[in-house]
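Welcome! Take a moment to look over the sequence and turn the structure around on your screen, and then we will walk through a few of its parts together.

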Amino acid sequence: AFGAFGMEKIKWCMKIKNGIELVEPNDNLCDSYIRKAENALKATSALRGNKEWEVSSSYYAMYFSLYAIMSKIGVKCENHSCSIAFMKEFLSEKFKKANSDFLKKAMQARIDMQYYSNRGIDDQFYQKIIKDAPIFLVECKEVINSVNQEEINQIRNKLEKIKEELNKSPK
């Protein structure tokens, strides 16, 4: 199910500092990221009319939702584009491809809005982020509730194999 490009991205993400790494699966951490996602959503509605921060809070609501799933599986990653690559490669049966593409676009919109005063975001996409963030959170909760130990093991085994390959190959 892996595209060659997607797999290369995963390998790169497993090599870089703060990239993808296997840790112990942690349900408590999973729950706390869901709470963070819910808080970010609450902030979004409190920030109505402040586009820049609405986009940022909505993005973080979605990102924390994804990160909750990763915590449940036992994957740590501090690089947002690597987390999205993980979603695309390893959670493709749980999400439509459109979800990871949307999250990637939302990440870029957040960066544009927060760091560049001359970059706006088109109104249609802005509306979509605000509307879809709560839906994405619900979808992530469904994944958390439905993912089983066998699926978690499969993902972890694939990552373990990649890690072994990387350790064998010359740096």
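At roughly what angle do the axes of helix α2 and α6 cross? Keep in mind that this is a predicted model. In it, the axes of helix α2, which covers residues 27-46, and α6 cross at roughly 165° and come within 11 Å. With that angle, α2 is roughly antiparallel to α6. The handedness of the crossing of α2 and α6 is left-handed. On the α2 side, the contact is made by Cys30, Ile34, Ala37, Glu38, Leu41 and Thr44. Their partners on α6 are Ile130, Ala133, Pro134, Leu137, Lys141 and Ile144. Sorted by character, the residues of this contact of α2 with α6 are 9 nonpolar, 1 polar and 2 charged.

Helix α6 (residues 123-146) also packs with helix α5 (residues 97-115). Here the angle is about 125° and the axes are 11 Å apart, so α5 and α6 are oblique to each other. The crossing in which α5 passes α6 is left-handed. From α5, the contact uses Asn99, Phe102, Leu103, Lys105, Ala106 and Ala109. From α6, Phe125, Lys128, Ile129, Asp132, Phe136 and Glu139 take part. This contact of α5 with α6 has 7 nonpolar residues, 1 polar residue and 4 charged ones.

The table puts the two helix pairs side by side.

| Helix pair | Angle | Axes | Residues of the contact |
|---|---|---|---|
| α2 and α6 | roughly 165° | within 11 Å | 9 nonpolar, 1 polar, 2 charged |
| α5 and α6 | about 125° | 11 Å apart | 7 nonpolar, 1 polar, 4 charged |

Now for the cysteines. A disulfide is a covalent bond between the sulfur atoms of two cysteines. How many disulfides does a search of the whole structure find? The search finds 1 disulfide. This disulfide joins Cys13 to Cys82, with 2.0 Å from S to S. The link of Cys13 and Cys82 is left-handed, with -85° about the S-S bond. Because Cys13 lies in helix α1 (residues 4-15) and Cys82 in helix α4 (residues 80-90), the pair ties together parts that are 69 residues apart in sequence. Cys13 and Cys82 are both buried.

Why is Cys77 not bonded to Cys82? The closest cysteine sulfur to that of Cys77 is in Cys82, 4.9 Å away, and that is too far for a bond. Cys77 has 2% relative accessibility, so Cys77 counts as buried. Cys140 is in no disulfide either, and the nearest cysteine sulfur, that of Cys30, is 9.7 Å away. With 0% relative accessibility, Cys140 counts as buried.

Two further residues are worth finding on your screen. His80 belongs to helix α4. Is His80 buried or exposed? The relative accessible area of His80 is 17%, so His80 is buried. Leaving out residues up to four places away in sequence, His80 touches Tyr59, Tyr60, Tyr63 and Met107.

Met113 has its place in helix α5. With 12% relative accessibility, Met113 counts as buried. Again leaving out residues up to four places away in sequence, Met113 touches Lys51, Glu52, Val55, Arg119, Gly120 and Ile121. Between the C-alpha atoms of Met113 and Phe64 there are 19 Å, and these two residues are 49 residues apart along the chain.

Conventions. Residues are numbered from 1 along each chain as its sequence is written. This is a predicted model: local features need pLDDT of at least 70, side-chain atom pairs count only at pLDDT 80 or more; totals for chains, interfaces and linings use all residues. Side-chain values use heavy atoms; hydrogens and water are left out. Axes are lines fitted to C-alpha atoms, for helices over the stretch in contact, and angles run from 0 to 180 degrees between N-to-C directions. Angles under 35 degrees count as roughly parallel, over 145 as roughly antiparallel, 65 to 115 as roughly perpendicular and the rest as oblique. A crossing is left-handed if the near helix is turned anticlockwise from the far one by less than a right angle, and right-handed if clockwise. Contact means heavy atoms within 4.5 Å. Ala, Val, Leu, Ile, Met, Phe, Trp, Tyr, Cys and Pro count as nonpolar, Asp, Glu, Lys and Arg as charged, and the others, Gly among them, as polar. A disulfide is a pair of cysteine sulfur atoms within 2.5 Å. Buried means under 20% relative accessible area, exposed over 50%, partly exposed in between (1.4 Å probe, protein chains only).
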